[in-house]
Structure formats: structure tokens, C-alpha cells
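Work through the exercises below with the sequence and the structure in view. Each task is followed by a solution in steps.

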Amino acid sequence: MADNNPFPGENNTGHIWDDNLRELDNPAPRWWMIAFWASILWVIGYAILYPMIPGLSGFTKGVMGWTQIGEYKEGLDEVEMVRGEFEAKLKGMTAKEILADEGLSSYTVASAKVLFGDNCAACHGAGGQGGPGYPVIADDDWLYGGSVEVLEQTIANGRMGVMPSHAKLLSDEEVDKLATAIMSGNPTAEPLFMSKACFACHGPDGKGMQALGSANLTDSVWRFAEEDQLASVKLTIKHGVNDTSDPMSRNAVMPKFGDRLSKDEIKKLAVYVYKLGGGQ
């Protein structure tokens, strides 16, 4: 092809396609060559200064002695120095006292975010909005009370409320009447509320009793919120909550964390939940 090169005197390789497409044989631009050799020198310098080249018994350590784990530990030490002052104060304070201190309260919320994500978010949602079948903890509706002291007790000891099954005690018509009254927000208007002793747990006004963890039936806040709420209320009335005698009973157990978290961690979580907006 070089013998038939239609571009005599041009510095090409003689490879010609489609009459005029050809491969030139020019040297690379000077700036490119400078960058090329500079990159080689940079790699050599990096290999001398930092860990890089693997070998049979390890890798080159670099003359600077730098390691990622070393840098991580230095950063961790800096964080611990900042946190140390706050952590020392927290140990001698109650959750209520922490809430009264704006600086400590802000620190506690920030430091407890990971604790909440690791231990609580799976059921209650990342923002306390609740998951399917699990209660919202970012509102101000609490079965057992929302004071920070009660929240500590709940986190440490867990909760397991009980509502007996009424499937054998009430007819379907009676269940319908009670459920309809509850959905209206005025359960006491239904005579069955008193005659079937619903008041014994939910109070004569139907607003529940925190000492028992019984629900307020007048506020339209549902522990088991479902698309068909009337059907959900009927299911709860018929089969109860945590009633071991009824295989269709609702399961509602808050596990205790007192055996897996420290007192300080529980205290932090109580403050965090309280500050979510649901404290009382």
C-alpha cells in the first residue's frame, strides 16, 4: 500500500481506506508526553511514600508510615474527645434533667439517632411514623403514657398489653354494634359498652386507662390501622390482643431492651423518642 500512497510526502503509515482515510505517524503532543512521564514519576513517588506494592509476605509500608486504620483511629479519638465531655455529664443526670438542658438534649438526640436506627426503626419507622401493625411514636397518643420516665420503663422492660377474645362472648350483631360505635368516636353511646363490661378496661368514658395500657376508643387513633378500619376493629373485638386462647388474636409485643442496652443508652433513646414529638 505504501507504493501506491496517494499522499506522497505526508507522514502516514501507508494504510489508506476509502481513498482518503489514513493513519498518520506523528509523535504525541508535547503536553501529553509531559503528562505521561509526570504520571509515572507520581506513581513512583506515591509508592515510596505510602503503602502500595503487595508481596509474598505483606506489602510495602511506605516511608510515611500512613495507614487507613491509623487515620480512622485518629479521627475516632478526636470524636471521642468532643463526646467525652457530654457523656460524662449524661451519666449523672436523669432523662428529665437532660431534656431541661438544651445543649445536652441536642447532643443526646444526635448521638441516639444510630441507636434508634439499630434497635427501633425496623418496627417504628425511621422517623417514628410506625410500620404495618406497629404503633406510631411520633404523635402524642400513648397507651401507657408518654412521659420520658415512662418511655424509659417501656424501652427497658417492654410492653405486652392484653385484650381478651370476645368471639365466644358476643354475637356477630353485637360485634357490629360495638365496632360501629367505636368508629363513631362515641363508644359509650352503645349500651353494650356497659353491659359487656368494656368500661372495665377502657374506662366509663371510653378513653382508656394508661395504667392498663388500654386504648382510647374516642380519638380515632388506631393501634391497628388498616385500610378497612371497621373490619379491623371487629377483628380486634372478636379475637383480642395477645390472647393465647385464640389463634387469631392480634400479636402486639414490645420486646424489652434492658438486657441488651445500657442504662445510658436507654436514657438516650427515651430522650430521642420524647423529642420526636410524641412526648407528654
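## Exercises on a predicted model

Met-254 is found in the loop between helix H10 (229-239) and helix H11 (263-278). The model is a predicted one.

**Exercise 1.** Find the residues that share a "binding site" annotation with Met-254, and state how far apart they lie.

Solution.
- Step 1. In the unreviewed UniProt entry, the annotation "binding site" covers Cys-120, Cys-123, His-124 and Met-254.
- Step 2. These residues are spread over 135 residues of sequence, yet they cluster in space, with a largest C-alpha distance of 10.7 Å.
- Step 3. Not counting residues up to four places away in sequence, Met-254 touches His-124, Thr-154, Ile-155, Gly-158 and Arg-159. One of the annotated residues, His-124, is thus in the contact list of Met-254.

**Exercise 2.** Classify Met-254 and Cys-123 by relative accessibility.

Solution.
- Step 1. Buried means under 20% relative accessible area, and exposed means over 50%.
- Step 2. Met-254 has 23% relative accessibility, so Met-254 counts as partly exposed.
- Step 3. Cys-123 has 29%, so Cys-123 also counts as partly exposed.
- Step 4. Cys-123 is located in helix H5 (residues 121-124). Its contacts, leaving aside neighbours within four places in sequence, are Gly-130, Gly-131 and Tyr-134.

**Exercise 3.** Describe the annotated group that contains Met-163 and Cys-198.

Solution.
- Step 1. A "binding site" annotation in the unreviewed UniProt entry covers Met-163, Cys-198, Cys-201 and His-202.
- Step 2. The group is spread over 40 residues of sequence but clusters in space, the largest C-alpha distance being 10.4 Å.
- Step 3. Met-163 belongs to the loop between helix H6 (148-157) and H7. Its relative accessibility is 19%, so Met-163 counts as buried.
- Step 4. Beyond four places in sequence, Met-163 touches Thr-236, Ile-237, Gly-240, Val-241 and Asp-243.
- Step 5. Cys-198 sits in the loop between helix H8 (192-195) and helix H9 (199-202). With a relative accessible area of 18%, Cys-198 is buried.
- Step 6. Again without residues up to four places away, Cys-198 touches Leu-178, Leu-192, Phe-193 and Gly-203.

**Exercise 4.** Determine how H7 and H10 are oriented to each other.

Solution.
- Step 1. Helix H7 (residues 172-184) packs with H10 at an angle of about 125°, and the axes are 9 Å apart.
- Step 2. Angles over 145 degrees count as roughly antiparallel and 65 to 115 as roughly perpendicular, so the two helices fit neither class. H7 and H10 are therefore oblique to each other.
- Step 3. H7 passes H10 in a right-handed crossing.
- Step 4. Among the residues that make the contact are Leu-178 and Ile-182 of H7, and Val-233 and Ile-237 of H10.

**Exercise 5.** Which side chains make polar contacts with those of Arg-250 and Glu-87?

Solution.
- Step 1. Arg-250 lies in the loop between H10 and H11, and is buried at a relative accessible area of 10%.
- Step 2. The side chain of Arg-250 makes a polar contact with that of Ser-232 (2.6 Å). Contacts of Arg-250 outside four places in sequence also include Phe-224, Glu-226 and His-239.
- Step 3. Glu-87 is in helix H2 (residues 68-91), and counts as buried at 18% relative accessibility.
- Step 4. The side chain of Glu-87 makes a polar contact with the side chain of Tyr-107 (2.4 Å). Leaving aside neighbours within four places in sequence, Glu-87 is in contact with Tyr-107 and Lys-268.

How values were computed:
Residues are numbered from 1 along each chain as its sequence is written. This is a predicted model: local features need pLDDT of at least 70, side-chain atom pairs count only at pLDDT 80 or more; totals for chains, interfaces and linings use all residues. Side-chain values use heavy atoms; hydrogens and water are left out. UniProt positions are given in the numbering used here, feature names are shortened, and annotations may be inferred rather than shown by experiment. Helices (H or I, at least four residues) and strands (E, at least two) are DSSP runs, numbered from the N terminus. Buried means under 20% relative accessible area, exposed over 50%, partly exposed in between (1.4 Å probe, protein chains only). Contact means heavy atoms within 4.5 Å. A polar contact is a pair of N or O atoms within 3.5 Å; within protein, one must be able to donate a hydrogen and the other to accept it, and residues adjacent in sequence count only if both atoms are side-chain atoms. Axes are lines fitted to C-alpha atoms, for helices over the stretch in contact, and angles run from 0 to 180 degrees between N-to-C directions. Angles under 35 degrees count as roughly parallel, over 145 as roughly antiparallel, 65 to 115 as roughly perpendicular and the rest as oblique. A crossing is left-handed if the near helix is turned anticlockwise from the far one by less than a right angle, and right-handed if clockwise.
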